[in-house]
Each structure stands twice: as C-alpha cells, then as structure tokens.
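Welcome! Take a moment to look over the chain below before we walk through its parts together.

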Amino acid sequence: MTEHQETAPATDPVTPAAEASAAQAPAAQDPAIRIAELEASLQEMKDKWLRSEAEMANLRARTKREVEDARLYAVQKFAKDVVEAAENLKRGIDSLPKRQEGEAEIVTKMREGFEGIERSFLALLERNGITRHDPTGSTFDANMHQAMAEQETTEHPPGTILQAWTQTWQLHGRLLRPGMVVVGKLPAPSGPAVKIDETA
C-alpha cells in the first residue's frame with residue numbers, strides 16, 4: 001500500500017426512496033390524522049354531490065316548466081287573431097236592431113242564428129283555454145284593462161269600469177288581450193258662484 005492511498009470510512013448506502021419513506025413514517029404512524037383527512041375529503045365529495053343533485057333537480061323543473069309553457073302558449077298569436085274574429089262577431093250581433101214586439105220574422109231568425117253561432121264559437125274557444133270576461137262594474141286593473149276614456153260619476157266609486165268597449169281575453173289564465181274600458185272618476189269640484197253686479 002502506497003502513502004497516497006487512503007481508506008474511506010465504511011458507511012451504509014441510503015437511497016432517496018428510503019429517505020422519503022423515513023420522512024413519511026411519523027405521519028403514517030398517526031392514524032387519527034389520516035382518518036380526519038379522509039373524513040374531510042368524504043364530506044367535501046358529499047357536498048359536491050348534493051349541490052350537483054340540487055342543480056339537476058332545478059334544471060329538470062325549469063325544463064319541464066318551459067316545455068309546459070311552450071305547449072300552452074305556442075298558439076298565442078293565432079289565439080289573438082281568433083279573438084279578433086270573436087269581437088267582430090259580437091259587434092255584428094250588437095249592430096242588429098233590438099228585439100221588438102211584432103218585428104219581422106227574418107230579423108228574429110237572423111239574430112237567433114248569429115247568437116247561436118257566437119255561443120258555439122265561445123264554447124269552442126273555452127275548450128282550448130281561451131276565456132272572455134266582461135269587466136263592466138269591476139275595479140280598473142292596469143294589468144287587465146286599457147283605459148280609453150274617463151267619465152264623471154257619483155253613482156260609482158272612482159276607478160269603477162262603467163263601460164267595456166271590448167272584453168278582456170285570457171289564454172290559460174295569461175292575458176291575451178286587455179279590455180278597452182271607460183273608467184269612472186269623481187266630478188270636478190264646482191267653483192264658487194260669481195255674483196255679477198248689474199247696477200254698475
């Protein structure tokens with residue numbers, strides 16, 4: 001052996017994997033910490049699942065409602081046109097002469113025929129969810145009526161509908177066409193009488 005040769009001290013070789021497992025050993029040995037971590041993870045997954053279920057339930061309910069609305073109100077434009085025809089039929093009947101004793105038989109039969117047509121037409125509309133309401137005598141509601149004029153009255157409270165030019169129409173409870181109405185109001189207060197001196 002030469003002077004320059006040196007003997008290295010004998011040591012056990014340590015791999016990086018062994019060092020990592022040694023560092024983790026204390027944590028793995030404490031089961032209470034591991035159980036707490038797993039329980040927290042489980043609770044987080046439960047919360048996510050419940051939120052996802054709630055969102056899906058809301059989506060199903062909203063989709064069902066939209067499909068139902070589409071089914072009920074898809075014919076809204078057509079229904080408005082049909083209501084216009086019903087109003088014209090009503091105007092035609094109202095324009096006939098009023099019933100009189102001894103009137104011509106042809107007039108009586110024509111009136112009865114038109115009234116019968118109107119009854120069957122309205123029944124057909126009702127079967128399809130289109131209803132007509134006469135607002136006369138009710139309180140004015142801006143959501144259901146359109147005020148066309150005001151009329152002074154002392155016989156009814158202010159805001160009472162005195163006359164309906166057209167009826168209020170609804171499709172499955174939703175406003176289709178507002179009633180055009182005349183609304184009552186209080187008479188304007190009369191000013192003090194002015195005395196004119198005629199001697200001047």
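## Two sheets and a core

Let's begin with an open sheet of 3 strands, whose pairing is antiparallel and whose order is β1-β4-β5. Its edges are held by β1 (130-133) and β5 (174-177); each has a single partner strand, so one side of each has no neighbour in the sheet. On average, neighbouring strands here are turned by 35° against each other, direction ignored. Please keep in mind that this is a predicted model.

Within this sheet, strand β4 (residues 168-171) pairs with β5 in the antiparallel sense over 3 bridges. One residue to look for is Gln170, which stands opposite Leu175 in β5.

There is also a second open sheet of 3 strands, with mixed pairing and the order β2-β6-β3. Here the edge strands are β2 (145-152) and β3 (161-164), each pairing on one side only. From one strand to the next, the twist averages 30°. β2 runs parallel to its partner, strand β6 (residues 179-185), and the two pair over 7 bridges. Glu150 has its bridge partner in β6, namely Val183.

The table puts the two sheets side by side.

| Strand order | Pairing | Average angle between neighbouring strands |
|---|---|---|
| β1-β4-β5 | antiparallel | 35° |
| β2-β6-β3 | mixed | 30° |

Now back to the sheet we started with. The helix α3 lies across β1, β4 and β5, and runs at about 55° to β5.

Which residues make up the largest nonpolar core? There are 12 of them: Leu72, Tyr73, Ala79, Val82, Val83, Ala86, Leu122, Leu125, Ile130, Trp169, Leu171 and Leu176. At least two residues of this core come from each of α2, α3, α4 (105-127) and β4. The most generous contributor is α3, with 4 residues.

Leu176, a member of this core, is a good place to zoom in. Leaving aside residues up to four places away in sequence, Leu176 touches Gln76, Ala79, Lys80, Val83, Ile130, Trp169, Gln170 and Leu171.

Finally, have a look at Val75, found in the loop between α2 (31-73) and α3 (76-94). Is Val75 buried, partly exposed or exposed? Its relative accessible area is 42%, so Val75 counts as partly exposed, a class that lies between under 20% for buried and over 50% for exposed. Although Val75 and Leu171 are 96 residues apart in sequence, their C-alpha atoms are 9.2 Å apart in space.

How values were computed: Residues numbered from 1 in each chain as written. Predicted model: local features only at pLDDT ≥ 70, side-chain atom pairs only at ≥ 80, totals over all residues. Heavy atoms only, no water. Pairing = 2+ DSSP bridges. Axes fitted to C-alpha atoms, helices over the stretch in contact; angles between N-to-C directions. Buried < 20%, exposed > 50% of the residue type's maximum accessible area, 1.4 Å probe, protein only. Contact = heavy atoms within 4.5 Å. Core = buried A, V, L, I, M, F, W, Y, C linked by side-chain atoms within 4.5 Å.
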